[in-house]
Amino acid sequence: MFSLTISFNLHPNQERIQNNIEMLATMVDQSKPGWTRRPFTSWYKEGRAWLKQQMEQAGLQVSIDAGGNLIGRLSGSEEHLKPIMIGSHTDTVTGGGRFDGIIGVIAGIEIARRLQETGTTLRHTLEIVDFTAEEPSEFGISTIGSRSMVGNLTAEMLERTDQTGLVLDEGIRMIGGNPDEIYETARKTGDVSLYLELHIEQGPVLEQNNMKLGVVTGIVGIHRYRVIVEGKPNHAGTTPMNMRFDALTGASELVLELENLCKFTYSDPVVGTVGKFTNEPNGANVIPGRVIFELEVRSIDSEIIENIMSSFSKYAALVAAKRQLDISLDNLSKSDSIRVLPDVQDKIAAACSATGKTQYLPSGAGHDANQLASIAPVGMIFVPSREGRSHCPEEWTDFAEVALGVEALARALINFDQDYIERR
Ligand code: HGY
Ligand code: MN
Ligand code: MN
C-alpha cells in the first residue's frame, strides 16, 4: 500500500474556531444557568440551522438522516472506499458548558474548510456529523443519534415520552429525521472506514500532567437505571416514627449503598452516581410518598457494572422488606465499554505527537464513539479541561488548545486517509 508523505497544510484557523464556539454559545436557553441547549428545543433547532449553513459554506453536501443526525459529506477521489467519519454532538446538559461535544463538530467543519481552501482531495469520502441528543435526555436515553445510526435505537425507546408528553419518535421528526427509516438505513459493519472524535477530556489528567493532547485508549460503558420507591404519604406531625412508610428515607439508604458499592476497589476503576432525583409530594410537612431517581454506574469493564447492579438490587429488596416499601428498578440503557484498537491508537498518537505534548489515557465520559464502535474502528483525541471541570458553567478549554486538537485531528485524518484503513 503506498503511503504518500504529503506536507501537512491543514493548519486550522483558531480565530474562526473561537468565533464558531462563541456563536453557538449564544443559541442557548438563557433562563438556565451556564450554557443549556437541550435536544429538540428551539435553541437546538437554531443551532442546527446555523451548523447546516456552516457546513454548506465549507463545501459539504448536507443531509439529515433517519435519526435526525446532521451530516455534511465531502466526496473522496476513490469512490469504492467507505467514508471516514468525524463527529460529536452540540446538545448540552442543563447548566452545561460551551465545549462538551461542540468542539468536535466545529473541528470537523473547520477541517472541511481547510480541505476546501487548500484544494486538498482525500481518497476517502469525509462525513462530518452532529449527532442528535448525545447527552442523557428526558427520555432516559443518551447517544440517541449515534444509537439510531448503528441500528441501536429500539422501538420501545422511540415510544418513550418526556415530561411534556413529547414522544421521542416525534422529537426526531421535529428535527428532520424519519424514525420509520431508522432500521433500513442503519449503517452496518464495513459501511464506515473509521470514526474519529475530538472532545474535551472533562477530567483533570492532561492539565495535571501539563499535556496538550490525549490519545484515548478506551471509553467506559455506562448502565443507567430508574428507581421508583413507593411508600405512603402522610401527615408529618401526627404519624409516629414507627408507623411511617417513608419513601425518601428508604431511597436515601439506596443512594448511600450505591456509593458504598462503587467505593470498593475493583480490577478497573468504577464510578456510580445518582444525579437525578424527585421527591413527591415534596412538602415540608408531608412524609414522602414516592421517590423517583436515576442512577448510573460506569467502568471500562461491563462485568463489574453488572455485578454491582446485582448487589444493589438485592440490597433494594432488603430495604423494601424492612421498610414495607415498593421498590422497582428499570434499566434505561446500557452502553458497552470499548477499547480503541492499538494500531488506531498508534496512528492517532503519531498525529498528536507531531502537534503537541501528548499522553495516552482512558475516557471516564461516554461518547457517540461508544455506539460507532459497534460498526467501525473508532479513535478519539482529548484536549485539556481547566481544573478538570465539565457539565457546568466553569467548563473551559483555551481556544489555542482547541485549535491544537483540531490540528491533531486533521493530521490523523490525513494519515488514515493515505495509509491505514485498507490494510486492516
Ligand atoms: O455523560 C457523559 O459521559 C457524556 O458527557 N455525555
Ligand atoms: Mn457530556
Ligand atoms: Mn460529550
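Q: What makes the approach of a polar side-chain atom of His391 to an oxygen atom of ligand 1 a polar contact?
A: The polar side-chain atom of His391 lies 3.0 Å from the oxygen atom of ligand 1, and a polar contact is a pair of N or O atoms within 3.5 Å (within protein, one atom must be able to donate a hydrogen and the other to accept it, and residues adjacent in sequence count only if both atoms are side-chain atoms), so this pair qualifies. By the same rule an oxygen atom of ligand 1 also has a partner 2.6 Å away in the side chain of Arg298, and a backbone N or O atom of Gly366 lies 2.8 Å from an oxygen atom of ligand 1. The protein covers 97% of the 210 Å² of accessible area that ligand 1 has on its own, where areas come from the Shrake-Rupley method with a 1.4 Å probe and, for residues, only the protein chains shown count as cover.

Q: What kind of model is this, and how are its parts numbered?
A: This is a predicted model, in which local features need pLDDT of at least 70 and side-chain atom pairs count only at pLDDT 80 or more, while totals for chains, interfaces and linings use all residues. Residues are numbered from 1 along each chain as its sequence is written, chains are lettered from A and ligands numbered from 1 in the order in which they are written, and side-chain values use heavy atoms, with hydrogens and water left out.

Q: Which residues surround ligand 1, and how do they divide into nonpolar, polar and charged?
A: Ligand 1 is surrounded by Asp100, Glu134, Glu135, Gln202, Arg224, Arg298, Ala365, Gly366 and His391, where a residue is near a molecule or strand if one of its heavy atoms lies within 4 Å of it. This shell divides into one nonpolar, three polar and five charged residues, because Ala, Val, Leu, Ile, Met, Phe, Trp, Tyr, Cys and Pro count as nonpolar, Asp, Glu, Lys and Arg as charged, and the others, Gly among them, as polar.

Q: Why are Asp100, Glu135 and His391 called donors of the manganese ion (ligand 2)?
A: Asp100 (OD), Glu135 (OE) and His391 (NE2) coordinate this ion at 2.1 Å, and donors are N, O and S atoms within 2.8 Å of the metal (3.2 Å for Na, K and Ca), so these atoms meet the limit, although water is not among the atoms and sites may look incomplete. The pair Asp100 and His391 links distant parts of the chain, with Asp100 in the loop between β3 and α3, His391 in the loop between β15 (378-383) and α13 (399-418), and their positions 291 residues apart.

Q: Which residues are the protein donors of the manganese ion (ligand 3), and which residue coordinates both ions?
A: The protein donors of ligand 3 are His89 (NE2), Asp100 (OD) and His199 (NE2), at 2.1 to 2.3 Å. The two manganese ions are 3.5 Å apart, and Asp100 coordinates both. Asp100 and His199, the latter in strand β5 (residues 194-200), are 99 residues apart.

Q: Why is Asp100 called buried or exposed, and what of His391?
A: Asp100 has 7% relative accessibility and His199 has 1%, and buried means under 20% relative accessible area, exposed over 50% and partly exposed in between (1.4 Å probe, protein chains only), so Asp100 and His199 count as buried. His391, at 38%, is partly exposed.

Q: What makes strand β11 (residues 290-299) largely enclosed, and which strands pair with β11?
A: Eight of the ten residues of β11 are buried, so the strand is largely enclosed by the rest of the structure. Strands are DSSP E runs of at least two residues and helices are H or I runs of at least four, numbered from the N terminus, and two strands pair if DSSP finds at least two bridges between them. Ten bridges join β11 to the antiparallel strand β7 (residues 221-230), and ten also join β11 to β9 (residues 270-280), again in the antiparallel sense. Bridge partners include Arg226 with Glu294 and Glu280 with Arg290.

Q: What is the peptide bond from Glu280 to Pro281, and where does Pro281 lie?
A: That peptide bond is cis, with omega near 0°, and Pro281 lies in the loop between β9 and β10 (286-287). Asn282 lies in the loop between β9 and β10 and has a positive phi of about 65° although it is not a glycine.
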